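Let's take a walk through this model, stopping at a sheet, a pocket, some charged pairs and a few backbone oddities. Keep the viewer open as you read.

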Amino acid sequence: MTATSCRVGVDIGGTFTDIALDVNGVLHSTKILTDYELPERAILTGVRQVVEQAGLALSDIDQLIHGTTLATNALIERRGARTAFITTEGLRDTLEMRTENRFEQYDINIVLPPPLIDREHRYTLRERLNVKGQVLIAPAQAEIDALVERIAEGNYQSVAIGFIHSYVNGAHERQLRDALQARLPQLSISISSEVSPQMREFERFNTVCANAYVKPLIKSYLDRLVVTLKQEGADCPVFMIHSGGGIISVQSAAEFPVRLVESGPAGGAIFAADIARRYQLENVLSFDMGGTTAKICLIEDQVPKTAKTFEVARTYRFKKGSGMPISIPVVEMVEIGAGGGSIASIDSMRQIRVGPHSAASEPGPACYDRGGLEPTITDANLLLGRLDADNFAGGALRLSRDNAANAMARVIGQPLGMQADTAAFGVCEVVDENMANAGRVHAVESGKDIADYTMITFGGGGPLHAARLCEKMGVARFIVPAGAGVGSAIGFLRAPFGYEAVRSAFVRLSEFEAAQVNGLIDEMKAESLGFLRQGMPEGEPEMDCTAFMRYVGQGWEIPVALPFKAFSAADTVEFKARFEEAYTRFFGRPIEGPDIEIVSWSVRASSPLPPVARIEEVGAAYRAHEVTRRQVFDVAAGGFVEASIYPREDLQVGARMDGPAIIVERETSTFVTSNFTATVQPDGCLLVVRR
């Protein structure tokens, strides 16, 4: 059988690898425990399963779209290549000095993330450009040659190069790269003027170092993946999701792997945005809870919020500035270590703590019976009756309640003098409060009232915790889409081909030079289209332009959408009006008097999104028939109650289920608390509304 359209989405998470297959609009999916030794092995196992479900062969696959947390995990766990960093003389310690900002002002024991590259592996070259990119000190060839020999003696696998003001003029970085490649052709090299041509040295240097640090690892993995698929008969193009939510070629991803750092979570936001388009929802809170982390993203006007910088590996929860900054376009979200595998413990004040450490897939939660000894959120959900020990992951994995109870009692229950079930409730309450607090903080930082939003939840753990989160945040309704357990993988299949070029270039509106700006925009358009054409089918791309603007004298800028066209000096009137409108939206009112300047520019090229079938919400038509009942802990009742169990595949449009109830499916389960009622919608989504 040959399908006219057969596309596979693959999301490698910290615990599970999710696979979604779309055959002419019909979805097949599965979850496989992530293989840390050879991640591509789990992918192949899962892809075989879904193509067999569809009655196809591997050779029928037309396209595979992939997102992964491997780059993120390598940065957090410091498992990258042996890397050197070369910078301008005098800036060797920029990575360590950071911005001198104290993100926790009154903490005398403040802990900063250590630099990605130790001082002994950081080198300098005597060279200098001014802020306009003009050469003040040209590097001497003898010094370049000596530096190349030092790198050769260091036995490095990868090198990052970041010179001051190279975002304006990257000539010196390219000169050094050419010298290194001539002497060391196997060396992996990243230069900041290509990876992140943006101002602010610390952020740019850190980004190019992160790219160099993970580049050999990711390139090796992607090469193995493509070869393995081809050897097994899946001779299809492989594409990657980048952090900004677009699809790029596997070759581009291997060259700029730092763009993959948030690729998996970006797929989830795309999935939620697609559901928002179908239901015509303007304000959506995307909640994705997997095996290792939970991600929360605001989606407004059916488009995920984006940013041009973000942080990984924060040392302080929710604290901006406490992590490792990465300057790339990214879907903006808050991410916390709260997944099914997150480990629960007791701190020195005898309080329950959950995460950020995870049992992952090896050994996994205690209930997996694979050697895990620490209690996790999955163990807590099992003890509270939310999971069926005999039908977890469609029966592929049998859970041990005894192991979960023993781990929970030993680590949490006995030190606090409580039963395992009570300890499990405490663990879930703590993690739910952590996630609710993260959602509230994220909304407040964006100036939004979270109570006005509809939550769209997915991931293996999202539907289990969504109702309790909504209770804590004051959200009145949430949607559980069909295929929620593998939501990010499905999101990959609904993502556009896209690439965003970002450059820093100062332009004051009072001194606007149209020719200079238009030349820059043309360069960025060519760059973004160059990446886009590596995979996008024929057609006319959509182009967007954003200017990052501020009043002269301010330290930070805000994004302002501009029309994509050739600009003239007369357009500065529109620039000012758009900036003041955006500034008022952020801060309440504009400022009279100061000049306005543009700091950075963004040009995004993407394939147009296909039209979607609009869904009209329906009310309950009949009360669904439960197949069984079991004891489930209910917060409102303060103890265990009888809850109805419904297989999701048996439910028809209009079916109504009053909480407490559990709606089970292969990849996840939806827990409807006693405060909510669920109704099946025309596209199979569950609309869960507070009574």
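A word on labels before we start: helices and strands here are DSSP runs, numbered from the N terminus, with at least four residues for a helix and at least two for a strand. Keep in mind, too, that this is a predicted model.

With those labels in hand, go to Asp369, which sits in the loop between strand E22 (352-358) and helix H10 (377-383). Its phi is positive, about 60°, although Asp369 is not a glycine. Asp369 counts as exposed, at 54% relative accessibility. Asp301 tells a similar story: this residue isn't a glycine either, yet its phi is positive at about 55°. You'll find Asp301 in the loop between strand E14 (294-300) and strand E15 (303-304). With a relative accessibility of 55%, Asp301 counts as exposed.

Another backbone detail leads us towards a sheet. Between Gly659 and Pro660 the peptide bond is cis, with omega near 5°. Pro660 belongs to the loop that runs between strand E32 (655-658) and E33. Now follow the chain into E33, which is part of an open sheet of 4 strands, ordered E30-E31-E33-E34, with mixed pairing. Which strands stand at the edges? They are E30 (628-634) and E34 (669-672); each has a single partner strand, so one side of each is left without a neighbour in the sheet. From one strand to the next, the twist averages 30°.

Inside that sheet, have a look at how E31 (residues 639-647) and E33 (residues 661-664) line up: they pair in the parallel sense, over 4 bridges. If you want one bridge to click on, Ser644 has Ala661 in E33 as its bridge partner. In general, strands of a sheet pair through backbone hydrogen bonds, either parallel or antiparallel.

Next, some empty space. The second largest pocket holds about 740 Å³. It is lined by 26 residues, and the closest to its centre are Val168, Ser504, Ala505, Phe506 and Gln516. Which elements each supply at least two residues of that lining? Helix H6 (192-195), strand E25 (498-508), helix H15 (514-532) and strand E28 (596-606) each do. The largest share, 6 residues, comes from E25. As for chemistry, the lining of the second largest pocket splits into 10 nonpolar, 7 polar and 9 charged residues.

On to the charged pairs. How many salt bridges does the structure hold? The count is 40. One of them joins the side chains of Lys215 and Glu255, at 3.0 Å from N to O. Lys215 lies in helix H7 (residues 201-231) and Glu255 in helix H8 (residues 250-255), so the pair ties together parts that are 40 residues apart in sequence. The two ends sit in unlike surroundings: Lys215 is buried, with a relative accessible area of 6%, whereas Glu255 is partly exposed at 35%.

Further along, Arg401 forms a salt bridge with Asp421, and the closest N and O atoms are 3.4 Å apart. Since Arg401 lies in helix H11 (residues 401-416) and Asp421 in helix H12 (residues 420-445), this pair ties together parts 20 residues apart in sequence. Arg401 is partly exposed, with a relative accessible area of 38%. Asp421 is partly exposed as well, at 25%.

H12 takes part in another such link. Glu433 makes a salt bridge with Lys472, with the closest N and O atoms 3.1 Å apart. Here Glu433 in helix H12 and Lys472 in helix H13 (residues 462-473) are 39 residues apart, so to speak distant parts of the chain linked by the pair. Glu433 is partly exposed, its relative accessible area being 32%. Salt bridges also come joined up: Arg200, Lys308, Arg508, Arg550, Glu557 and Glu597 are linked in a network of them.

One last stop is Gln141, in helix H4 (residues 141-153). At 44% relative accessibility, Gln141 counts as partly exposed. Its C-alpha atom is separated by 9.4 Å from that of Ala179, a residue 38 positions apart from Gln141 along the chain.

How values were computed
Residues are numbered from 1 along each chain as its sequence is written. This is a predicted model: local features need pLDDT of at least 70, side-chain atom pairs count only at pLDDT 80 or more; totals for chains, interfaces and linings use all residues. Side-chain values use heavy atoms; hydrogens and water are left out. Two strands pair if DSSP finds at least two bridges between them. Axes are lines fitted to C-alpha atoms, for helices over the stretch in contact, and angles run from 0 to 180 degrees between N-to-C directions. On a 1 Å grid over the protein atoms alone, a cavity is a set of points where a 1.4 Å probe fits but cannot get out, and a pocket is an open set with protein on both sides within 12 Å along at least five of seven lines; lining residues have an atom within 4 Å of a point. Grid points are joined across faces, edges and corners, and a volume is the space filled by probe spheres set on the points. Ala, Val, Leu, Ile, Met, Phe, Trp, Tyr, Cys and Pro count as nonpolar, Asp, Glu, Lys and Arg as charged, and the others, Gly among them, as polar. A salt bridge is a side-chain nitrogen of Lys or Arg within 4 Å of a carboxyl oxygen of Asp or Glu. Buried means under 20% relative accessible area, exposed over 50%, partly exposed in between (1.4 Å probe, protein chains only).
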